[in-house]
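Me: Please take a close look at one part of this model, the largest nonpolar core, and tell me which elements build it and how they are joined.

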Amino acid sequence: MQEQKFSGHAFYAEDGHEFHHGTLMVNVDLGQLGQVLRPSKLKMQAKGITSVKSRVVNLQQLAPSCTVNQLIDLLATSFAESYGDAQLLKYNNGNYIPSQLSLYEDSKWLFGESPKYDVMLERRTSQGLIQALLYVEDGLIQRIKIHTDSLRTGPYEELEQQFNGKVFDLHFEDQLFGTIEDWFESGSSS
């Protein structure tokens with residue numbers, strides 16, 4: 001819709017079941033969405049996009065009376081028209097547990113099937129701007145380099161080595177900057 005997205009989908013098959021899963025944005029808090037989705041700034045600049053919020057739209061913005069229940073009914077009706085009558089099953093932990101659930105919950109499966117890549121994280125703290133350059137392979141941090149504009153500098157090698165081999169996941173950024181700030185406050189820097 002006008003080059004804005006309101007959905008994202010994926011598909012997989014397991015144990016004779018075929019799953020099409022995804023999201024449809026009916027009434028999402030776009031401010032919060034902009035905080036949790038952090039695509040590459042270079043990718044966004046290349047596409048002429050100023051923010052995550054500018055790329056997405058809620059269905060209620062397009063059809064103000066739209067509700068989640070109406071959407072479910074419309075999708076089921078459309079599916080039946082296209083593929084014939086089918087029983088609508090709602091999967092949850094009570095009626096279906098994937099045979100490989102433990103695999104799907106493992107951080108190595110979630111983050112380990114990835115190519116080598118570099119990440120730059122930065123945060124303004126009470127000590128100044130801190131930048132961390134990460135080199136990640138198979139979901140694990142191979143190397144990290146810390147830079148800051150703080151007047152309180154010091155040898156960061158010992159601090160950087162603490163993170164080698166750690167899993168790069170959703171919680172890593174907060175852990176990293178928390179550790180760096182604690183390091184500054186403990187007087188480990190000169």
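Reply: What follows goes through the core itself, then the strands that contribute to it, and then one of its phenylalanines.

The model is predicted, and its largest nonpolar core holds 19 residues. Those that touch the most other members are L121, L134, I144, F168, F172, L176 and I180. Two or more residues come from each of the strands β3 (117-125), β4 (128-137) and β5 (140-148), and likewise from the helix α9 (172-185), with α9 giving the largest share, namely 6 residues. As a general matter, nonpolar side chains in soluble globular proteins tend to be buried together.

On the strand side, β3 and β4 run antiparallel and are joined by 9 bridges, and the hairpin that connects β3 to β4 passes through 2 residues. Within this pairing, the core residue L121 has A132 of β4 standing opposite. The strand β4 also runs antiparallel to β5, to which 8 bridges join it, and here L134 is the bridge partner of I144 in β5, both of these residues being listed among those that touch the most other core members. The hairpin of β4 and β5 likewise has 2 residues between its strands, and in that hairpin D138 takes a positive phi near 55°.

Turning to F172, which lies in the range of α9, and setting aside its neighbours within four places in sequence, this residue is in contact with L121, L134, I141, F163, K166 and V167. Through L121 and L134, the contacts of F172 therefore include two residues that, like F172, touch the most other members of the core.

Terms used: Residues are numbered from 1 along each chain as its sequence is written. This is a predicted model: local features need pLDDT of at least 70, side-chain atom pairs count only at pLDDT 80 or more; totals for chains, interfaces and linings use all residues. Side-chain values use heavy atoms; hydrogens and water are left out. A nonpolar core is a set of buried Ala, Val, Leu, Ile, Met, Phe, Trp, Tyr and Cys residues joined through side-chain atoms within 4.5 Å. Buried means under 20% relative accessible area, exposed over 50%, partly exposed in between (1.4 Å probe, protein chains only). Helices (H or I, at least four residues) and strands (E, at least two) are DSSP runs, numbered from the N terminus. Contact means heavy atoms within 4.5 Å. Two strands pair if DSSP finds at least two bridges between them.
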